[in-house]
Amino acid sequence: MKKKLLLAIGLLALNFSHAQEIDIQREGAFAQKPVPVALSGFTGEGAEVLKFDLYVQGFSFVPPELAQYLIAGSDAGAVSGTLTDKFAKRTLLSKVYNGASLRRQAHAFADEIVQTIRNTKPIGQTKIAYKSQGASGAGEIFVADFDGHGAQAVTTDGAIVAKPAWVPGQRAIFYTSYARGNPDIFYHSLSSGQRRVVAGYSGLNTSAAVSPDGSKIAMVLSKAGSPNIWVSSADGSNLKRITTGLEDSSPCWSPDGEWICFATKHNERRRLAKIPAGGGTVQYLSTVGAPNPTEPDWSPDGKWIAFTSQMGDFNICVMPADGSAPPTALVGGQNPSWAPNSRTLALNRAMGYRQVLSVLDVFTKQYKDCARATGSNSQPAWAK
Amino acid sequence: MKMNRLVVPLVLALAATLATTGCKKGVSKVTPLPGQRAIVGDNNGGGNTLPGGGIVPPDSNSGGSGINTKPGGGETAGLNEFDGMIKDPAALAAYTIHFAFDSSVVKKGEHSNLAAVASALAGNATDKLLIEGNCDERGTEEYNRALGERRALAAREALAKLGVSPDRIRTISYGKDKPADPGHDEAAWAKNRRDDFILLHPKPGM
């Protein structure tokens, strides 16, 4: 009994030392080494899903002798598999899945692997909403798995659409549509199909962003004579203008619901700024080295702000939300949207003259394009 | 060394936990049993994530376009006054004005075009005006949507100075979604940074 206990403690010590190592790395720069894993036994769609999900969360695939973790199993008919810590010689997971689709089973296994090794929030079974546009400029809002599979059109208007945003924890989105001949903000329930206009004022109504508790939206309206940030209740009532700058755009919320971060202009320079969600004094954020910042998105853990910088081309940048370090340019792209795990971003990047959706692991800069889709696809919004 | 300092207290804490809960139970918490079954969602793809199921198309019962504008619909009187007016894009097509890169300042050189637009509106008191603001492709999407609106509003302000009532003018921004020239060079971009003026005639019977 005593011997067994000591052995268990020894194994746990090894296991925890790995976990600790990852925590320390996460605080460092955006150049972390991916966690090496060896994948065996998966041959079909399950292998494809596991590789995608793990790669965009900072894992790399190596031969077993170089791996820190071994993932073995099968995707013949259903997904089953084990996760082994090679150094500790311990099986951390042993799972058999049934029900749903094979893809879904593989996503679920990837979720458990990532949660076991990193303890971050799972993303394998999450959704994105995005804008898909044809050559005419008209398009539709789509919803798909985060890897682009299983895409379904939410709208069927054949109108210009823009900037979908999820209601946290609900099957509902806001988006901009020109379906009525004006850019209006719609609320659309995905379970009932019902939708309604929540902002249809004269001029511009766009860029809806939902507060973390789902009770409010921030948006850009020009009804007062210039495009500014306004906040209202989720049904469009209790409307209040909170900025008066001349060139405001792209509001997003801090995860505590206290702040709205947006793009603006100050002293002839494009800046990111934040303002209390109820209105107040604008605070300008430093984005030294990342000119012309727009499209901020605040990570769910509150630590990071991702945004697009225009320096000739568009680049995805990330900086600490507290301003403790300058931004880092990660990859070419636009419209970053954080995953629930606060480490993966959905974005769109140019491929020729159209846009494709991609998923980026911020801390290793590893990214993969989502499943191919026709048209130009942009403005992904990650469901949280 | 630093790592050891962090790990040792953890191990001691765990040892204490294991000693009180019994070693077998403690270990099994960390290592799930082989062959444990986990069911992921139902066959409809539902489950605990969002949204698993199918998407219902817009409800055709809630109005002709499937759009319910009643609850929370912030339709202003301003927009209603333009409802059903007939668009005449040809009438003022010659007076499109153009902008410098990333600017919504109406250039001095565009004054004659604006004067022509003002004169057309002065000539018929029942006509109104739609100003469509547009951008080139160099700018992020929502930034450009706001920039296009600023361009349209700048022309509206300039027309007001020429005596046109702003109440007769509606603005719309297409951002970079409606280029006049689909090219990707400076010649195309220069054409795309523009305000188009669309004359609006009253609908028949008004």
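These are my notebook entries on chain A of a predicted model, going from the whole chain to its domains, two of its sheets and two single residues.

**Entry 1. The chain as a whole**

I began with the overall dimensions, and found that the C-alpha trace of chain A spans about 75 × 45 × 40 Å along its principal axes. For 384 residues a compact globule would have a radius of gyration near 21 Å, and I noted that the 22 Å of chain A agrees with this. Looking up the secondary structure, I counted three helices and 29 strands in chain A. Of the 384 residues, 55% count as buried. I also looked at how far along the sequence the contacts reach: among those between residues at least 6 apart, 44% join residues at least 24 apart.

**Entry 2. Two domains**

I then turned to the domain assignment, which divides chain A into domain 1, residues 2-118, and domain 2, residues 127-382. Taken over C-alpha atoms, the centres of domain 1 and domain 2 of chain A are separated by 32 Å. Where the two meet, I found ten residues of domain 1 in contact with 17 residues of domain 2. Sorting by class the side of domain 1 that touches domain 2, I have five nonpolar, three polar and two charged residues.

**Entry 3. The sheet β21-β22-β23-β24**

In which order do the four strands of this open sheet of chain A stand? I read the order as β21-β22-β23-β24, with antiparallel pairing. The edge strands are β21 (293-298) and β24 (328-332), each of which pairs on one side only. On average, and with direction ignored, neighbouring strands of this sheet are turned by 25° against each other.

I followed the pairing from β22(A) to β23(A), where eight bridges join the two strands in the antiparallel sense. β22(A) and β23(A) form a hairpin with one residue between them, and in the turn I noted G312(A), which has a positive phi of about 80°. Within this pair T308(A) stands opposite I316(A) of β23(A).

On to the next pair: β23(A), residues 313-320, is joined to β24(A) by four bridges, and these strands also run antiparallel. I316(A) appears again here, with V331(A) as its bridge partner in β24(A), while C317(A) stands opposite A329(A) of that strand. I316(A) therefore has a partner listed on each side, T308(A) and V331(A).

Is β23(A) enclosed or open to the outside? I find that six of its eight residues are buried, so the strand is largely enclosed by the rest of the structure.

**Entry 4. Q310(A)**

I picked Q310(A) from strand β22 of chain A, which covers residues 304-311. It has 19 C-beta neighbours inside 10 Å and therefore counts as partly exposed, since burial would need 20 or more. Leaving out residues up to four places away in sequence, I found that Q310(A) touches P291(A) and N292(A). For a distance along the chain I took S299(A), which is eleven residues from Q310(A) in sequence and 21 Å from it in space, C-alpha to C-alpha.

**Entry 5. The sheet β17-β18-β19-β20**

I looked next at another open sheet of four strands in chain A, with the order β17-β18-β19-β20 and antiparallel pairing. At its edges stand β17 (249-253) and β20 (283-285), each with a single partner strand, so that one side of each is left without a neighbour in the sheet. Here neighbouring strands are turned by 35° against each other on average, direction ignored.

β17(A) is joined by three bridges to β18(A), residues 259-266, and the two run antiparallel. Within this pair I noted S249(A), which stands opposite A263(A) in β18(A). A helix of the other chain comes in at this point: α5 of chain B, residues 141-161, packs on the sheet and touches β17 and β18 of chain A, its direction making about 130° with that of β17(A).

**Entry 6. S74(A)**

My last residue was S74(A), which is found in strand β3 of chain A, residues 69-74. With 16 C-beta neighbours inside 10 Å, S74(A) counts as partly exposed. Which residues does S74(A) touch, not counting those up to four places away in sequence? I found G41(A), F42(A) and S80(A). I also looked up S40(A), which is 34 residues from S74(A) along the chain, with 8.2 Å between their C-alpha atoms.

Technical notes. Residues numbered from 1 in each chain as written. Chains lettered and ligands numbered in written order. Predicted model: local features only at pLDDT ≥ 70, side-chain atom pairs only at ≥ 80, totals over all residues. Rg over C-alpha atoms; globule rule 2.2 N^0.38 Å. Buried ≥ 20, exposed ≤ 12 C-beta atoms within 10 Å, placed from the backbone. Contact = placed C-beta atoms within 7 Å. Pairing = 2+ DSSP bridges. Axes fitted to C-alpha atoms, helices over the stretch in contact; angles between N-to-C directions. Domains from an automatic or database assignment. Nonpolar A, V, L, I, M, F, W, Y, C, P; charged D, E, K, R; others polar.
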